[in-house]
Amino acid sequence: MPCKILVIEDEEHINELICINLETAGYDPVPFFDGAALFSHLQEIPAPSYDLALLDVMLPGKDGFELLPELQAQQIPVIFLTARGDLHSKVKGLTDGAEDYIVKPFEMLELLVRVEKVLSRFQKKVEDCYRIRDVEIFPKERIVQKAGTVIPFKPMEFDCLLLLVRYKNIALSREQLLQMLWGVEFDGETRTIDVHVGRIRKKLGFQDVIKTVPRIGYRLEDRPEEELPSPAASHMTDQAAAPSTDTPEESP
């Protein structure tokens, strides 16, 4: 069963964008646009009914700081997601008990990574095995099987595959993949990713599963293309804006 995540954000287009990306990543988002409506809802449900809450601070009815103790009483971990980036608000949110505090605008990939970290911390989502078609990936054992046969993977190839699978159906830029693989801003050649992706495609027959996204990077698709939602922006602003880079598109 996918993790249920409350999305409490009064800006409708931002709420919808977050929900689309969460659903694409395999979660079950539940949107709320009003603090008072969420408060009433929490009084009516058993605890815990949700695995995580993404909470704006500035909401009609009741603000995020007022809602935080109500969510905590329901044993729901909270990530603040707000335009209030002043030090006082950050300190208040974290000292009051939020698990994280993200200031808008933000990268959608960053949000998904932080969501995964908080869920893992609370052992809400422990994936022992990822399955894509006839391929099984075991993160703890670092084993990849195709139709029951173990396929040898080099360490960086395995890590690259795991990132694409964890954030399936989402376009990841070469720069994002490099930063997540090395853990720092990578100063070298982004074509390193092309080499790894080319090897992964060849080993698993994933030529039609790992798509090249022109001028950006790659996207691993886990369902038929006609069922995929419309591409959502990877960068959160007051308006949705699709990511772009100057890197020319080449398929390895």
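Let's start in the loop between β5 and α5, because that is where Pro 105 sits. The peptide bond leading from Lys 104 into Pro 105 is cis, with omega near -5°. As a reminder, most peptide bonds are trans. Before I go on, please keep in mind that everything I show today comes from a predicted model.

Lys 104 has a second story to tell. Together with Glu 9 and Asp 56, Lys 104 is part of a network of salt bridges.

Let me step back for the overall picture. The chain has 8 helices and 12 strands. Of its 252 residues, 46% count as buried. And if you take contacts between residues at least 6 apart in sequence, 62% of them join residues at least 24 apart.

Now, back to salt bridges. How many are there in the whole structure? A search finds 17. I've picked three pairs to walk you through.

The first is Arg 121 with Glu 99, whose side chains meet at 2.8 Å, N to O. This pair links distant parts of the chain, 22 residues apart: Arg 121 belongs to helix α5, residues 108-121, while Glu 99 is in the loop between α4 (87-95) and β5 (100-103). Glu 99 has 25% relative accessibility, so it counts as partly exposed.

The second pair stays inside helix α5. Arg 114 forms a salt bridge with Glu 110, and their closest N and O atoms are 2.7 Å apart. The two residues are 4 apart in sequence, about one turn of the helix. Are they buried, exposed or partly exposed? Arg 114 is partly exposed, with a relative accessible area of 27%, and Glu 110 is partly exposed too, at 30%.

The third pair is Glu 157 and Lys 203, which meet in a salt bridge at 2.6 Å, N to O. Here again distant parts of the chain are linked, with Glu 157 in helix α6 (residues 155-166) and Lys 203 in helix α8 (residues 191-204), 46 residues apart. Look at the accessibility of the two partners: Glu 157 counts as buried, at 2%, whereas Lys 203 is partly exposed, at 30%.

While we're talking about glutamates, please find Glu 116, which is also in helix α5. Its relative accessibility is 14%, and because the cut-off for buried is under 20%, Glu 116 counts as buried. What is Glu 116 in contact with, leaving aside neighbours within four places in sequence? The answer is Tyr 27, Tyr 130, Arg 166 and Tyr 167.

Next, helix packing. I have two examples for you.

Take α2, residues 35-44, and α3, residues 64-73. Their axes come within 11 Å and cross at roughly 20°. Angles under 35 degrees count as roughly parallel, so that is how α2 and α3 are described. Their crossing is left-handed. On the α2 side, the contact is made by Gly 35, Leu 38, Phe 39, Leu 42 and Gln 43, and on the α3 side by Leu 67, Glu 70 and Leu 71. Sorted by type, the residues of this contact are 5 nonpolar, 2 polar and 1 charged.

Now swing over to α7, residues 174-182, and α8. These helices pack at an angle of about 85°, with their axes 9 Å apart. That angle falls in the range of 65 to 115 degrees, so α7 is roughly perpendicular to α8. From α7, the contact uses Arg 174, Leu 177, Leu 178, Leu 181 and Trp 182, and from α8 it uses Arg 191, Thr 192, Ile 193 and Asp 194. This contact divides into 5 nonpolar, 1 polar and 3 charged residues.

One last stop, and it's about backbone angles. Most residues other than glycine have a negative phi. Which residues have a positive phi although they are not glycines? Arg 133 is one of them, with a phi of about 55°, and Ala 147 also has a positive phi of about 55°. You'll find Arg 133 in the loop between β6 (130-132) and β7 (135-138). Ala 147 is in the loop between β8 (143-146) and β9 (149-150). As for accessibility, Arg 133 counts as exposed at 59%, and Ala 147 counts as exposed at 61%.

That's my tour. Thanks for listening, and I'm happy to take questions!

Notes. Residues are numbered from 1 along each chain as its sequence is written. This is a predicted model: local features need pLDDT of at least 70, side-chain atom pairs count only at pLDDT 80 or more; totals for chains, interfaces and linings use all residues. Side-chain values use heavy atoms; hydrogens and water are left out. A salt bridge is a side-chain nitrogen of Lys or Arg within 4 Å of a carboxyl oxygen of Asp or Glu. Buried means under 20% relative accessible area, exposed over 50%, partly exposed in between (1.4 Å probe, protein chains only). Axes are lines fitted to C-alpha atoms, for helices over the stretch in contact, and angles run from 0 to 180 degrees between N-to-C directions. Angles under 35 degrees count as roughly parallel, over 145 as roughly antiparallel, 65 to 115 as roughly perpendicular and the rest as oblique. A crossing is left-handed if the near helix is turned anticlockwise from the far one by less than a right angle, and right-handed if clockwise. Contact means heavy atoms within 4.5 Å. Ala, Val, Leu, Ile, Met, Phe, Trp, Tyr, Cys and Pro count as nonpolar, Asp, Glu, Lys and Arg as charged, and the others, Gly among them, as polar.
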